[in-house]
Amino acid sequence: MIHLLPLAIAIAAFVALAVSMKRHQRDFVGRLLPEPQARLARVTGWLLLGVVWAIDAALLGPAMGTLVWIGEASMGAWLTVAAITWKAAR
């Protein structure tokens, strides 16, 4: 249960990073975003990844939190790629 919130935030972070890329904007938003909005999505994605690390470090300590963060970030990235692939196929 301790990993559900950080994992959900990691997924949101990678979705924001994907939305910041022109090639994925049509999949998620349905149109191309203006550059300021894409930049905001990029910054938001990186900040959310930092929030995930901060949560993990606060709960588990910096060393174990970093290891868990790598796993949660990897899982969030994998699930985001799966969502992009699934949505593009539809």
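Buried means under 20% relative accessible area, exposed over 50% and partly exposed in between, with a 1.4 Å probe and protein chains only. The model is predicted: local features need pLDDT of at least 70, side-chain atom pairs count only at pLDDT 80 or more, and totals for chains, interfaces and linings use all residues. Residues are numbered from 1 along each chain as its sequence is written, and side-chain values use heavy atoms, with hydrogens and water left out.

**Exercise 1. The fold**

Task: State which pattern the protein chain follows along the sequence.

Solution.
- Start with the elements. The protein chain has four helices and zero strands. Helices (H or I, at least four residues) and strands (E, at least two) are DSSP runs, numbered from the N terminus.
- Read along the sequence. The pattern is α-α-α-α.
- Add the extent. The C-alpha trace spans about 40 × 30 × 15 Å along its principal axes.
- Add the burial. Of the 90 residues, 30% count as buried.
- Turn to contacts, meaning heavy atoms within 4.5 Å. Among those with a separation of 6 or more, 62% come from residues 24 or more positions apart.

**Exercise 2. The core side of α3**

Task: List the buried residues of α3 and name helices that cover them.

Solution.
- Take the helix. α3 has 26 residues and reaches 38 Å from first C-alpha to last, close to the 38 Å expected at 1.5 Å a residue. The expected span is 1.5 Å times one less than the number of residues.
- List the residues. Ala 38, Ala 41, Gly 45, Leu 49, Val 52, Asp 56 and Ala 57 are buried.
- Recall the helix geometry. An α-helix has 3.6 residues a turn, so residues three or four places apart point the same way.
- Name the cover. It includes α1, α2 and α4.
- Look just past the end. Gly 61, just after α3, takes a positive phi of about 95°.

**Exercise 3. How α1 meets α4**

Task: Find the angle and the axis distance at which α1 and α4 pack, and classify the arrangement.

Solution.
- Choose the descriptors. Two packed helices are described by the angle between their axes and the distance between the axes.
- Read the values. Helix α1 (residues 4-19) and helix α4 (residues 62-89) pack at about 50°, with axes 8 Å apart. Axes are lines fitted to C-alpha atoms, for helices over the stretch in contact, and angles run from 0 to 180 degrees between N-to-C directions.
- Classify. The angle makes α1 oblique to α4. Under 35 degrees counts as roughly parallel, over 145 as roughly antiparallel, 65 to 115 as roughly perpendicular and the rest as oblique.
- Inspect the residues. On the α1 side, they include Pro 6, Leu 7 and Ala 10; on the α4 side, they include Glu 72, Ala 73 and Met 75.
- Sort them. The contact of α1 with α4 divides into 12 nonpolar, two polar and one charged. Ala, Val, Leu, Ile, Met, Phe, Trp, Tyr, Cys and Pro count as nonpolar, Asp, Glu, Lys and Arg as charged, and the others, Gly among them, as polar.

**Exercise 4. Two residues**

Task: Decide whether Thr 80 and Ala 16 are buried or exposed, and list what each touches.

Solution.
- Place Thr 80. It is in helix α4.
- Check Thr 80. Its relative accessible area is 4%, so Thr 80 is buried.
- List its partners. Not counting residues up to four places away in sequence, Thr 80 touches Ile 11, Phe 14 and Val 15.
- Place Ala 16. It is in helix α1.
- Check Ala 16. Its relative accessible area is 13%, so Ala 16 is buried.
- List its partners. With the same exclusion of residues up to four places away, Ala 16 touches Ala 41, Arg 42 and Gly 45.
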